[in-house]
Amino acid sequence: MAIVESDEVAKPPAAQPKLVSVLAEFAGPRELMHAAEKIRDSGFTKWDCFTPFPVHGIDDAMGTKRTKLPFIVLCAAICGGTTAIAMQWFCNAYDYPFMISGKPFFSLPSSMPVVFELSVLFSAFATLFGMLGLNGLPQLYNALFKVDNFRRVTDDKFFLGIETTDPKFNVDQTKTLLNSLHPVLIEECWDSGETRAIPSIFFKTLAMLGLLAIVPVVMVAQLRALPSNLPRLHGQWDMDHQPKLKTQKHSELFVDGRGMRLPIANTVAFGELKTDRSFYNGLQGGAASAEITDAMLLRGAVAANGEPVNNGSFPWVTEFPLEVDEQLMARGRERYGIYCAPCHGYEGDGNGLITQRAMELTGNGRGAWVKPVSYHSDPIRMQPVGKLFNTVTNGQGRMPGYASQIPEKDRWAIVLYLKALMKSRDASPDDVPADVKERLSQGP
Amino acid sequence: MAHHHPVKLDAETVGNFNDLGEAPERTALIVGVIAIAASAFLSAFSAVNWQHFLFTYLVNFCYVLTFSLGAFFFIAVQFVIRVGWSVVVRRIMEVVSLGALPCAILFLPLLAVVWSGYTGMWPWNDPKVIAENHLVERRDDWMNPTMFTLRAVFYFLVWVGMTRLIFKKSTRQDVTGDPKITNQMEGWGALCIFLFATTATFAAFDWIVSLDKVWFSTIFGVYFFAGCLVGFSSLTNLIVLILLKTGKLSPSVVTVEHRHNLSKIMFFATCFWGYNAFSQYLLYWYANIPEETGWFLIREKGGWGFLAYVLIFGHFAIPFLGMMSRAVKRNANLMIFWCCYMLVMHWLDLYWQIMPNMSPDFIPFGITEVLVLVGMVAFVFAGVMWQAGGTPLVAIKDPRLDESIAFHDI
């Protein structure tokens, strides 16, 4: 530790040998401990003990102060914990918020494991590098390495060394003092004065490695920037090809070969008991619709005799089977804009953006598209709400059903908005509320 | 250390448990029985108060039991891994572990409650609850009065038997100084650790977890075990510090180094408790499954929610920072404070685990809690002192005693 500081003085040109320290060898730890207590009490500051194993109590004998390392580690731990919180908040809640199962973007409990881990990681680094830093390590050269007897300090020798840079150091007096402590022998440690500079090959190699390290980075950058016909490189094969079942995939695990599992026979999942026919099918309940199966409601359903099923005569509900309010209307308008307007258009004329583009292509003989029927025609306008609901659910003609995308309540909301759209082209002045009428008649 | 001179201790110089006072066990026994009986009498006039009394009884029963269990486990570990430093304080831990016997007596009223068909405590004892909850129907073979009793008998056979065995062997060594006993205890210790892990886990399920009709937590046994360590380490440290303060133990035998290590165990127990309590919470919070979160839901509302925060900060964050410094761990007065503080926190932890099942909406704290706590502590103290008798405060002829006295902390 302390001996390191003498190294700074040397300058390459002046190859003058220089006394660095005086070493005393002792027979064992007890003698060394005794000598250390004496040296401590004599007021020396730049000196150290060297032993082959840790000696209990040597710190007290040398008067060494307790290390500051624990405080460094504590600061690093707090820093690690704070970093973890800040990082998770920044990534998950600020920079790239991503909704997962309706969970909050940021919450403390889920952050804790990372806080714990980063605190430990930072602490571990602080412990290692703090220890190295406080001890002045790594040290490539020390004059002690040149003392032959000193080599056995890692086997069975016990040394005490006092440096020449110590303010109380005086070669003769120090030797006399050490002699009075009954050492095995006393030795001088000389610095030969040869250059201490790190060989240039070290830096050359480092520079070479540094240049080589750029190559993979450049290769990756090139691959990312240029188009290529080659199949994708899988950097992490097992992450790209996880042994897990994805939707609609085959599986060897199950006898029927399906990856997705069917509900267990005779069970109903929570929230899946759909007995209310008016709400779930748009049909009047009871005996009226008892004969109508779910299959008969599907798009393009065929009866047993091979004839297409005509659902126009089904006992559809004519009233909404749920409470109708402003909120439901707003929801219907929003959902309509998402799911229906692309084809049917925002006003229900059957000229949404997709339809416009598809008709253009059809006109050029590049495809076949049937323009959706306008809502503002009598056959559609007269349909009971239950039938409209079934159309949204199961589709009609070319239109597919939306049951899998849109929950029942939202489908009813869309039907409600449809009724409002139809009304917008088919209203008489009598439909306008009196106060609105008055306001309109007054003009701007 | 090689240069340390061996210290010879004998029964006269170290003192024994009879020196601690004039027959404290008789006074304690009287106080204990009167306090428990008085609170039972005061609560007997209404069903709500009676239920409150029984739950309070369970809280405090678990509280006094955890000291004994923690000590039991810790001593077993000392034997198995041949710990040297702890020999000078092991006798005190052994005496703390003797609480298992008085706890066995204190458990009898709880058995009576189960067999009387009382349904206000453990819902599995109520056929109506079982019939109405398909989720618990399958537990019927495991959770019924007969099985409950059989298991409890097994737990106490293990705890009382093993703590008595360890104590007997250890005190015999005081006389004979036979090092073979130390070797034998290594084997017994291994068995004790296994038996402790099994019995403590299942006891926690039986007595605390099953207060809720559907809740389950596989980590709860470890949570309970962490509580045992918190309670035991705080109590042992407190006893050692008080014996040192009053001069019953010599500071040249139990040095600052031993106190430092005991405090480190307290610090560890606090961290371990926090780690487990949080692990349990995190998984339930993440999975968000109704029958699992229900337990936490009532414990994070109203007064219980406030108590939950008291535990997060008071049982973990504050003592974690407070006991972190080496200087604090070596300061006897500060550690006396932290020991008392952690003993209170440990009680609140058990209160928070058990009580909301009786009173989900508010904290029903009252005179019953105080009376039963005083009664149980006094009763167990009497039972322990009666067993300890004239035993020396230190295992005076343990072969590792010199090593222990010379122990030096880095």
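This dialogue reads a predicted model of two chains, A and B, from overall shape down to single residues.

Reader: What should I know before I start?

Author: Residues are numbered from 1 along each chain as its sequence is written, chains are lettered from A and ligands numbered from 1 in the order in which they are written. This is a predicted model, where local features need pLDDT of at least 70, side-chain atom pairs count only at pLDDT 80 or more, and totals for chains, interfaces and linings use all residues.

Reader: How many helices and strands does chain A have, and how many does chain B have?

Author: Helices (H or I, at least four residues) and strands (E, at least two) are DSSP runs, numbered from the N terminus. Chain A has 14 helices and six strands. Chain B has 17 helices and zero strands.

Reader: Is chain B compact or spread out?

Author: Use the radius of gyration, taken over C-alpha atoms, and the globule rule, 2.2 Å times the number of residues to the power 0.38. For chain B the radius is 22 Å, close to the 22 Å that the rule gives for 410 residues, so chain B is as compact as a globular protein of that length. Its C-alpha atoms fill a box of roughly 70 × 40 × 40 Å along the principal axes.

Reader: And chain A: compact or spread out?

Author: The radius of gyration of chain A is 43 Å, well over the 22 Å from the globule rule for 444 residues, so chain A is more spread out than a compact globule. The C-alpha trace spans about 120 × 70 × 50 Å along its principal axes. Look at the domains too; their bounds come from an automatic or database domain assignment. Chain A has domain 1 (1-197) and domain 2 (259-444). Their C-alpha centres lie 79 Å apart.

Reader: What share of each chain is buried?

Author: Count C-beta atoms, placed from the backbone, within 10 Å of a residue's own: 20 or more others means buried, 12 or fewer exposed, and in between partly exposed. In chain A, 20% of the 444 residues count as buried. In chain B, buried residues make up 43% of the 410.

Reader: Where do the chains touch, and which element of chain A gives the largest share?

Author: Two residues are in contact if their C-beta atoms, placed from the backbone, lie within 7 Å. The contact takes six residues from chain A and eight from chain B. Helix 4 (residues 108-134) of chain A gives the largest share of its side, three residues. The chain A side divides into two nonpolar, three polar and one charged. Here Ala, Val, Leu, Ile, Met, Phe, Trp, Tyr, Cys and Pro count as nonpolar, Asp, Glu, Lys and Arg as charged, and the others, Gly among them, as polar.

Reader: What is the strand order in the open sheet of chain A?

Author: Strands of a sheet pair through backbone hydrogen bonds, either parallel or antiparallel. Two strands pair if DSSP finds at least two bridges between them. In chain A, four strands form an open sheet in the order 2-3-1-4, with antiparallel pairing. Strand 2 (47-50) and strand 4 (185-191) stand at the edges with a single partner strand each, so one side of each lacks a neighbour in the sheet.

Reader: How many bridges join each pair?

Author: Four bridges join strand 2 to strand 3 (residues 158-163) of chain A. Strand 1 and strand 3 of chain A pair over six bridges. Seven bridges join strand 1 to strand 4 of chain A. For landmarks, Cys49(A) stands opposite Leu160(A), Val22(A) opposite Ile162(A), and Leu19(A) opposite Trp190(A).

Reader: Which side chains of strand 2 of chain A are buried?

Author: The side chains alternate. Trp47(A) and Cys49(A) point to one face and are buried. Asp48(A) and Phe50(A) point to the other and are not. Strand 1 of chain A is mostly covered, with seven of its nine residues buried.

Reader: Where is Trp369(A), and which residues does it contact?

Author: Trp369(A) lies in the loop between helix 10 and helix 11 (378-381) of chain A. Trp369(A) is partly exposed, with 16 other C-beta atoms within 10 Å. Leaving aside neighbours within four places in sequence, Trp369(A) is in contact with Ala358(A), Met359(A) and Thr362(A). Helix 10 (residues 353-363) of chain A is hardly covered: one of its 11 residues is buried. Gly365(A) follows helix 10 of chain A and has a positive phi, near 75°.
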